[in-house]
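Student: I am new to this structure and would like to go through it one point at a time. Where should we begin?

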Amino acid sequence: MMDWTDRHCRRLHRTLSQHARLYTEMLTAEAVIHGDPARLLAFDSAEHPVALQLGGAEPARLAQAARIGADLGYDEINLNVGCPSDRVQSGRFGACLMAEPALVAECMAAIAAAVRVPATVKCRLGVDDQDPEPTLFSLVDACVAAGARVFVVHARKAWLKGLSPKENREIPPLEYPLVWRLKRERPELSVVINGGIGSLDEAEAHLAHVDGVMLGRAAYHTPGLLGQADRRIFGATADVTPEAAVAAYLPYVRAELARGTRLAAMTRHMLGLFHGRPGARAWRRILTVDGVKPGAGIEVIERALAALAEGAARRAEAA
């Protein structure tokens, strides 16, 4: 979720679910070490529990980046060896490391030794011509020997030769039963499944086989579904409506505007909040068109809410 799940996105998602674990976008170890921490690593205390996701292949540098993240208060350090982006292939991190399980294990050992918070792995089933079954189990077992106990598995291979990053999210077949089998044969591990899961109904079905479910694009494009997650998954008594989420988000937006943050940096994550609702198109249009204008403020969100209400009223009258 590079360039997507920034701190503004995570803060919005936290208004919808108090219990879901949030992950940063993947940051390279070098960016964490040398980059601007206020821009790359800052997070609101309300985001907890929140994990820092790292990319890299040099154990010492990953350990240094992990220490920085842990010192800042992140609840988990996650090493991504599943991202198929063009950038990760040229930089020797992400999914290409599925071909180097010994190196991944060495990286995990370094991270685990550097921090006291959980050190976890996000991976694929393999890359290119690798056989998914032995590849996945070999990688997991190597990382377990290095101290890892939590694995987030995107249930697809990545084809680094011939498929774009977008195609890698859609074309390689999903092999959910292999991830279920990993949990069944390694019951002492915490196994979280990822990939192509678009609803809480699907998430609940997976939870009969694994310990957790990671939602990526479904949570981003239709964040309103997170408003049901605490009740359906975590046992809360009520849902959080999109309207309630906006109301809870507005104080954060005001504070960020006062710090000089542009409104569009926050509203871009809100576009799908009312997906499927009457007036949702007007909501998106106002946020998209007016939210980017110089000096745009809270009044844009208020105007979008009013348009949403008007759309709902017209639908009710037509019915």
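Student: In which loop is Pro 49 found?
Tutor: This is a predicted model, and local features are taken from it only at pLDDT of at least 70. Two elements flank Pro 49: helix H3 (37–40) and strand S3 (50–55). Pro 49 is found in the loop between H3 and S3.

Student: What kind of peptide bond joins His 48 and Pro 49?
Tutor: Most peptide bonds are trans. For the bond between His 48 and Pro 49, omega is about -5°. The bond that joins them is cis.

Student: Which residue has a positive phi although it is not a glycine?
Tutor: Most residues other than glycine have a negative phi. In the loop between strand S5 (119–123) and helix H7 (132–145) there is a residue with a phi of about 50°. That residue is Asp 128.

Student: Is Asp 128 buried or exposed?
Tutor: Buried means under 20% relative accessible area. Asp 128 has a relative accessible area of 13%, so Asp 128 is buried.

Student: Which residue has its backbone nitrogen 2.8 Å from a polar atom of the side chain of Asp 128?
Tutor: Leaving aside neighbours within four places in sequence, Asp 128 is in contact with Lys 157, Ala 158, Trp 159, Leu 160 and Lys 161. One of these contacts places a backbone nitrogen 2.8 Å from a polar atom of the Asp 128 side chain. That nitrogen belongs to Leu 160.

Student: Why is S5 described as largely enclosed by the rest of the structure?
Tutor: In a regular strand the side chains alternate between the two faces of the sheet. On one side of S5, Ala 119, Val 121 and Cys 123 are buried, and on the other side Thr 120 and Lys 122 are buried. S5 is therefore largely enclosed, the number of buried residues being five of the five.

Student: How many bridges join S5 to strand S6 (residues 150–154)?
Tutor: S5 pairs in the parallel sense with strand S4 (residues 76–81) over five bridges, and there Thr 120 is the partner of Asn 78. S5 and S6 also run parallel; Lys 122 has Val 152 as its bridge partner, and Cys 123 stands opposite Val 153. The number of bridges joining S5 to S6 is three.

Student: How many residues of helix H1 (7–16) are buried?
Tutor: The buried residues of H1 are His 8, Cys 9, Arg 10, Arg 11, Leu 12, His 13, Arg 14, Thr 15 and Leu 16. What covers them includes S3, strand S1 (22–23) and helix H13 (242–258). H1 is largely enclosed because the buried count is nine of the ten.

Student: Which side chain reaches the backbone nitrogen of His 8?
Tutor: The contact lies at the start of H1. A side-chain oxygen comes to within 3.1 Å of that nitrogen, and the oxygen belongs to Asp 6.

Student: How many charged residues are in the lining of the second largest pocket?
Tutor: This pocket holds about 390 Å³ of space and is lined by 19 residues, with Asp 3, Glu 25, Leu 27, Arg 39 and Leu 40 nearest its centre. H1, strand S2 (27–28) and H3 each give two or more residues to the lining. By class, eight of the lining residues are nonpolar and four are polar, while the charged ones number seven.

Technical notes
Residues numbered from 1 in each chain as written. Predicted model: local features only at pLDDT ≥ 70, side-chain atom pairs only at ≥ 80, totals over all residues. Heavy atoms only, no water. 1 Å grid on protein atoms, 1.4 Å probe; cavity = no way out; pocket = protein on both sides within 12 Å on 5 of 7 lines; lining within 4 Å. Points joined across faces, edges and corners; volume = space filled by probe spheres on them. Helix = DSSP H or I, 4+ residues; strand = E, 2+ residues; numbered from the N terminus. Nonpolar A, V, L, I, M, F, W, Y, C, P; charged D, E, K, R; others polar. Buried < 20%, exposed > 50% of the residue type's maximum accessible area, 1.4 Å probe, protein only. Polar contact = N/O pair within 3.5 Å; in protein donor to acceptor, adjacent residues only side chain to side chain. Contact = heavy atoms within 4.5 Å. Pairing = 2+ DSSP bridges.
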